[in-house]
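Thank you for making the time this morning. I would like to walk you through one structure and its contacts, so please have a look at it before I go on.

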Amino acid sequence: MRIRRLLVANRGEIALRILGTCERLGIETVLAASDADLDSPAARRADSVVRLGPALPAHSYLSVGAVLRAALASGAGAVHPGYGFLSESPALADACASAGLSFVGPSAEHLRALGDKLRARAAAVAAGLPVLPGGEVTSVAEAESLLDRTGLPVLVKAVGGGGGRGMRLVEHAGELARALELSVAEAHAAFGDGRVYLERYVAPGRHVEVQLLADGERVLHVGERDCSVQRRYQKLLEEAPAAGLPETLRLSMHAAAVRLGRHLGYRGLGTVEFLVDVGREDFFFLEVNPRIQVEHPVTEATTHLDLVAEQLYVAEGRPLRLGQGDVAFDGHAIECRVNAEDPERDFAPSPGTVTSMRLPAGEGIRVDAGAQSGSTVPPYYDSLLAKLVVSGPDRSAAIARLAGALDRFTVDGVPTTIPLHRRLVADPAFRAGGVDTGWLSRVLAPGAGGAHQPSFPGAPGALEEAEVSTRG
Amino acid sequence: MNLSPEDVQDILKVLDSTDYDELHLETDRFVLRLRRAPGGWTEEREALGEARLVPGQAVEEGVPAEEPNRARDSTSAGEDADPQRQGMHAVRAPLPGVLYRAPKPGEPPFVEVGDHVEADTVVAILETMKLMNPVRAGAAGTVSHFAVTNSEPAGQGDVLLWLLPDAPTPGEP
């Protein structure tokens, strides 16, 4: 069924991103906006806007009933959930199916299977993918005996978590009982599911993920992205391809991701996340993100594909119009997340008003911005203001262009992560390529020169200070 | 219509071959300003016009319409002159966010009315942009009452709760 009118059930830059593709394809757009977003750039740009509810996400962007009513009230034939919010909600996928609407995403059954991190892990094992030693634990005794296989340190992870939420690092066996108790309580409160599992902790490790595009039968990979520049498990800068990865390792990861997609009979866009053990040149399955991702533009910049357009095409029930041979890679791309956070004050979130916003422009530069001069940055949602995506024929050309683009990028009114990005792209370790997931914390550590820290042994700084106070 | 990023790239290519340093394009739908800067171009874009609201709405039954960021109990001369507030210590929101009185849903609150607190006692958390920020009492005293109810939004500087301080604090700002 062709999509003629699409409800975009999201906000900020990803809402504008989806509107842009729809305009190009001639699809009429309806934006579902909370009361805090009725004046947003996305609301001004959409063909029409439907009031979704009050600012608090629980009554608007996180309400399956509100999104469904918005779709029906506006006569949309399909719902695009973007990322975050209800993008991985089997309940929304089911509700759309019952109402005869297309949900732009995988099936509810796939969302259930992949949202349960143990089921996802089991699927990966069944498809022949390497996983880290570990497994579900229901008691301290079980956990202690599992330590023989995982070793220390070990990560306690929530089965209902993912995306860096609900993880706790245990370095000594003596901390295990207490960590389990806390993790179960937190997982229960945050995800409504108290189950936890253990996985070996790898340092130094790199976070490398493979983009999949599938129609339920055929599965393509659209290359990998390196997302190792993270703070408290939150990605800050991503690039494609992953720098300095041995070619055989890269190709094995692509093949492994495709194998998992085939095993699942996956449909839509999805990302298979891997942890690369830098010391052993080996990789392990982490999880699958069954949706479009924040960092998708680095893939688009190196393949010249419009992933949202392909996602909509498959959501119409049509078979993929691309073969693996049609996916050609060219150049290097880097994305910087410009967040309304103050790097000088421990990344304190900084809602407020953007009094002025001036973007860099030119060849190889793309900015996906959810705000504009005069925009309010509400406190209710995440802090992402814009994504600067820069590409060039190779990595060093992309970095040179990125440095210039960051110098021309100014946001007034709220502090942002732009100054931090300027510092990162000037750092010799980053310029050399292939930093691990602990690198950014070492750069940010008080007194750290940042540049000349050895990349091993990787002090698991990011993990020690991990935020666990997430709320479902 | 809106300009696509590709359109802007094409305009820049044309501009590059000229001596112009600035282009300002304004319609009733958008503003685009391109300026030559050291090292390259800068762009300012602004979507104009009002959102075109669909008549029907999806708002949940029973959920009140609310003004986001509404300052509900913020400083005013009238409030400070209120005799009931004389000598009281206001615990204010250090940043805008949603107030939670307990560390997790279903757990007991950090403090109840009548509890004695120290200056560094955590009395609530404010969720701002998905981050949980502890709010400390700021003065030793006894919790008198909450000005914002649980899971409601508060603006920056709003009074969250009132304390009867152990030591009088005249001139509390």
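Let me start with a salt bridge in chain A, between A:E88 and A:R291, whose closest N and O atoms lie 2.5 Å apart. The two partners come from distant parts of the chain, 203 residues apart, with A:E88 in the loop between β4 (78–80) and α4 (90–98) of chain A and A:R291 in the loop between β14 (282–289) and α10 (296–303) of chain A. I should say at once that we are looking at a predicted model, and that every value I quote is to be taken in that light. As a reminder of the general principle, side chains of opposite charge can pair when their charged atoms come close. Over all chains, the count of salt bridges comes to 46, and I will pick out a few others as we go.

To place that pair, it helps to have the domains of chain A in mind, and the assignment gives domain 1 as 5–104, domain 2 as 133–200 and domain 3 as 205–444. Between domain 1 of chain A and domain 3 of chain A, the centres, taken over C-alpha atoms, are separated by 23 Å, and the contact draws on 32 residues from domain 1 of chain A and 26 residues from domain 3 of chain A.

How much area do domain 1 of chain A and domain 3 of chain A bury between them? The figure is about 2200 Å², with 63% of it on carbon and sulfur atoms. On the side of domain 1 of chain A, three residues, A:E13, A:R17 and A:Y83, supply 29% of the area buried against domain 3 of chain A, which is more than any other three residues supply.

Turning to the polar side of this domain interface, there are five salt bridges across it, together with ten residue pairs in polar contact. If we look at which elements of domain 1 of chain A touch domain 3 of chain A, α1 (12–25) and α2 (41–45) of chain A each supply at least two residues, and the largest share, ten residues, comes from α1(A). By class, that side of domain 1 of chain A has 16 nonpolar, nine polar and seven charged residues. A:E13, which I named a moment ago among the three residues that supply 29% of the buried area, also forms a salt bridge with A:K387, where the closest N and O atoms are 3.0 Å apart.

Now let me move from the domains to the two chains. The contact between them takes 61 residues from chain A and 52 residues from chain B, and the area buried there is about 4600 Å², of which carbon and sulfur atoms give 55%.

How many salt bridges are found across the interface of chain A and chain B? There is one, and in the salt bridge of B:E44 with A:R358 the side chains meet at 3.4 Å, N to O. Polar contacts between chain A and chain B come to 16 residue pairs. Several elements of chain A give two or more residues to the side that touches chain B, including α3 (64–74), α8 (176–191) and β19 (356–361), while β3(A) gives the most, with six residues. Sorted by class, this side of chain A has 34 nonpolar, 13 polar and 14 charged residues.

Strand pairing also crosses between the chains, since β19(A) and strand β3 of chain B, residues 40–47, run antiparallel and are joined by three bridges. In that pairing, A:L359 stands opposite B:E43 in β3(B).

Finally, a few points of backbone geometry that you may want to inspect for yourselves. A cis peptide bond joins A:L152 and A:P153, with omega about -5°, and A:P153 is found in the loop between α7 (140–150) and β7 (154–162) of chain A. Another cis peptide bond joins A:A240 and A:P241, with omega again about -5°, and A:P241 sits in the loop between β12 (234–240) and α9 (247–264) of chain A. A:E281, a residue other than glycine, has a positive phi near 50°, and A:E281 lies in the loop between β13 (267–277) and β14 of chain A. In chain B, B:S151 is not a glycine either, yet has a positive phi of about 60°, and B:S151 lies in the loop between β9 (141–146) and β10 (153–154) of chain B.

Notes. Residues numbered from 1 in each chain as written. Chains lettered and ligands numbered in written order. Predicted model: local features only at pLDDT ≥ 70, side-chain atom pairs only at ≥ 80, totals over all residues. Heavy atoms only, no water. Domains from an automatic or database assignment. Contact = heavy atoms within 4.5 Å. Buried area = accessible area lost by both parts, 1.4 Å probe. Salt bridge = Lys/Arg side-chain N within 4 Å of Asp/Glu carboxyl O. Polar contact = N/O pair within 3.5 Å; in protein donor to acceptor, adjacent residues only side chain to side chain. Helix = DSSP H or I, 4+ residues; strand = E, 2+ residues; numbered from the N terminus. Nonpolar A, V, L, I, M, F, W, Y, C, P; charged D, E, K, R; others polar. Pairing = 2+ DSSP bridges.
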